[in-house]
Amino acid sequence: MVTSQGTASVSFPFPSVWGIHSSIAGRTIIWGTLSIHSIIDNRVVGTVNFRGRPIPINGFWNENSKQIAFDSPYATFSGNLTIIDDQQSRIRHFILQGRFLMKPPSLQAGESGSWIATTDIAQNQFPVSGNAYTGKLPPVGAFLTSNILHQHQNFLGRTI
């Protein structure tokens, strides 16, 4: 099953909130949350929140290649989707990871790095046929971003 909105089919649920972590030369530069509000006709609309203020993003989703690309006012991101099922916990992990390039007006304009964003859901809440992988451990960054996501959702004892 895929989420469908407009003429686009998408292999992950939306609207959705993801924990996101980025680094340059292996050093963490920032972490926060990525919100994907909608995907209509392959156009991605959402926000990224690194310092307490949501920043708008706009981009594209390619369902066939499972690739995403989006821009914020400060950086351009591109990456791929991986889906991993944890059969023991019955959790489906959605992992977006790729590269980014900082752009003006950022003080780090011209520098590039890597990013990873994750979200998860109970397997029975979002069935996926043919796209979920089992028996594979998520990358280490998935655990960090999962913690970021759950801390955000439980901020001050309430779900955001």
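In the next few minutes I will walk through some strands, a polar contact and a set of aromatic rings in this structure. Please keep in mind throughout that what we have here is a predicted model.

Let me begin with the strands. Strand S6 covers residues 55-62, and it pairs with S7 in the antiparallel sense, over five bridges. If you look for the place where these two strands face each other, you will find Asn-62 opposite Gln-67 in S7. The two strands form a hairpin with four residues between them, and in that turn Lys-66 has a positive phi of about 60°.

On the other side of the discussion is S8, which runs over residues 75-86. S7 and S8 also pair in the antiparallel sense, again over five bridges, and here Asp-71 has Thr-76 in S8 as its bridge partner. These two strands form a hairpin as well, with three residues between them.

Now, which side chains of strand S7 point to one face and are buried? They are Ile-68 and Phe-70, whereas Gln-67, Ala-69 and Asp-71 point to the other face and are not buried. This fits a general pattern, because in a regular strand the side chains alternate between the two faces of the sheet.

Phe-70 takes us from the strands to the aromatic rings. Both Phe-70 and Phe-77 are buried, and because their ring planes stand at 15°, which is under the 30 degrees used as the limit, with the centres 4.8 Å apart, the pair counts as stacked. Ring pairs also link Phe-70 and Phe-77 with Phe-100 and Trp-115 into a cluster.

The count of aromatic pairs in the model comes to six. Another of them joins Phe-12 and Trp-18, and this one is edge-to-face, with 5.3 Å from centre to centre and 90° between the planes. Phe-12 counts as buried because its relative accessibility is 0%, and Trp-18, with a relative accessible area of 0%, is buried too.

Finally, I would like to return to strand S8, where Asp-85 lies. Is Asp-85 buried or exposed? Asp-85 counts as buried, because its relative accessibility is 7%, and the cut-off for that term is under 20%. What does the side chain of Asp-85 make a polar contact with? The partner is the side chain of Arg-92, at 2.7 Å.

Terms used. Residues are numbered from 1 along each chain as its sequence is written. This is a predicted model: local features need pLDDT of at least 70, side-chain atom pairs count only at pLDDT 80 or more; totals for chains, interfaces and linings use all residues. Side-chain values use heavy atoms; hydrogens and water are left out. Rings of Phe, Tyr and Trp (its six-membered ring) pair if their centres lie within 6.5 Å; planes under 30 degrees apart count as stacked, over 60 as edge-to-face and the rest as tilted. Buried means under 20% relative accessible area, exposed over 50%, partly exposed in between (1.4 Å probe, protein chains only). A polar contact is a pair of N or O atoms within 3.5 Å; within protein, one must be able to donate a hydrogen and the other to accept it, and residues adjacent in sequence count only if both atoms are side-chain atoms. Two strands pair if DSSP finds at least two bridges between them.
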